[in-house]
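Here is a short walk through the protein in front of you. Keep the viewer open and follow along.

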Amino acid sequence: MKTAERLLHQLNTAVLWLDSQLQIRYLNAAAEALLGVSARRALNVSIHHFITDLESSPLQKLQMALETGHPFSQREAKVRLANQQSITIDYMVSHLTDEKNQSSLILEMLPRDRLLQISREEALLAKSVTTRALVRGLAHEIKNPLGGIRGAAQLLQKAMLNWDSPKDELNEDLTEFTNVIISEVDRLRDLVDKLLGPSRPPRKDFVNIHEILEYVRHLVMAEGFPGVSVVTDYDPSIPELLLDRNQMIQVILNLIKNALQALHQASTPEATLTLKTRTVAQYTIGTQRYPLVLKVEILDNGPGIPTAIQDTLFYPMVSGRPDGTGLGLAIAQSIVNQHRGIIEFESQPGLTRFSVLLPMERQQ
């Protein structure tokens, strides 16, 4: 790859070179990510194939730019891509003429949605770190008196065994009460341990993300979710990655079970769960930019997440289900954060999408 091409591939701005027929002759990595297509598939294909609709008819303006040679730009234009996804972009068009007097265009597009999303991610990561620190401090403070209460209940129970009293019924009642105290203390201690999140750092090894997805898919479907159709859309070219297999199973299991339970409880007609994997080039997670990122998407066509809890969804004890503990997503986010990734979501009635984004590492 030439130096100029390497530089273009490092840009956050999507850059496309269009010939006089508005066919794509070149696109950088950011443009591949924006259009959701590889360079091999996009070359010599009309831009109309990948951008089906633009606000203020800029596709017509592209043709005018070819004819007049005048550049133009527009801020915050609404774009509908070939996959029907709508995004907001700033774009600029420049005119070129080669030595044979053939016209071509340079189209530069900067996604505004992604910049806003990066800001949300930074805020989410900051809140996650702060919340985790507060919860860990609170959990440790709770565990100390719990240990004292349990020890006192055990000592009282032992004392009652040696208590020479004719009131056997009273002894039985007191033993039952101490058993309840010990049982409830153990339950609270387990809850606190869950609040503390993963008890160890990730033990990474090379694993196949599709093996994990298929393992979890078979696991949850064995529990019985009749009427739910599961669709898989995997990218088979994704290599093995350095991940903690058991922790990733916990993350994917939580997300898939949440989706299936939402579909089941809402009795969603034609309920569909979709598992999708892709790679994204030059992607920023929080403040760190990575050359290549794995994106695992779990989509369902259920009722969506209530708006009232969307901003605090990853906080402990926040749940959209009456029987939920509100710990699953908080723990899943903590695990993915330890892998230097993040879990994002978008939700509306009829479509909820959770995305697990993980940097692709190839060295131990």
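## A well-covered helix

Let's start with the residues of H10 that are buried: Leu329, Ala330, Ile331, Ala332, Gln333, Ser334, Ile335, Val336 and Asn337. This is a predicted model, so please read every position here in that light. Helix H10 spans residues 328-338, and with nine of its eleven residues buried, the helix is mostly covered.

Just beyond the helix there is a backbone detail to look at. Arg340 follows H10 and has a positive phi, near 65°.

## Two helices that cross

Next, find helix H7 (residues 209-221) and helix H8 (residues 245-265), whose axes come within 9 Å and cross at roughly 45°. Angles from 35 to 65 degrees fall in the oblique class, and H7 and H8 are therefore oblique to each other. Their crossing is right-handed.

Which residues meet there? From H7 come Glu211, Ile212, Leu213, Tyr215, Val216, Leu219, Val220 and Met221, and they meet Arg245, Met248, Ile249, Ile252, Leu253, Ile256, Lys257 and Leu260 of H8. Sorted by class, this contact has 13 nonpolar residues, three charged ones and no polar ones.

## The whole chain

Now zoom out. The protein chain holds ten helices and 13 strands. Of its 364 residues, 39% are buried. The accessible surface comes to about 20100 Å², and carbon and sulfur atoms account for 53% of that area.

How far apart in sequence are the residues that touch? Taking contacts between residues at least 6 apart in sequence, 62% join residues at least 24 apart.

Technical notes
Residues are numbered from 1 along each chain as its sequence is written. This is a predicted model: local features need pLDDT of at least 70, side-chain atom pairs count only at pLDDT 80 or more; totals for chains, interfaces and linings use all residues. Side-chain values use heavy atoms; hydrogens and water are left out. Buried means under 20% relative accessible area, exposed over 50%, partly exposed in between (1.4 Å probe, protein chains only). Helices (H or I, at least four residues) and strands (E, at least two) are DSSP runs, numbered from the N terminus. Contact means heavy atoms within 4.5 Å. Accessible areas come from the Shrake-Rupley method with a 1.4 Å probe; for residues, only the protein chains shown count as cover. Axes are lines fitted to C-alpha atoms, for helices over the stretch in contact, and angles run from 0 to 180 degrees between N-to-C directions. Angles under 35 degrees count as roughly parallel, over 145 as roughly antiparallel, 65 to 115 as roughly perpendicular and the rest as oblique. A crossing is left-handed if the near helix is turned anticlockwise from the far one by less than a right angle, and right-handed if clockwise. Ala, Val, Leu, Ile, Met, Phe, Trp, Tyr, Cys and Pro count as nonpolar, Asp, Glu, Lys and Arg as charged, and the others, Gly among them, as polar.
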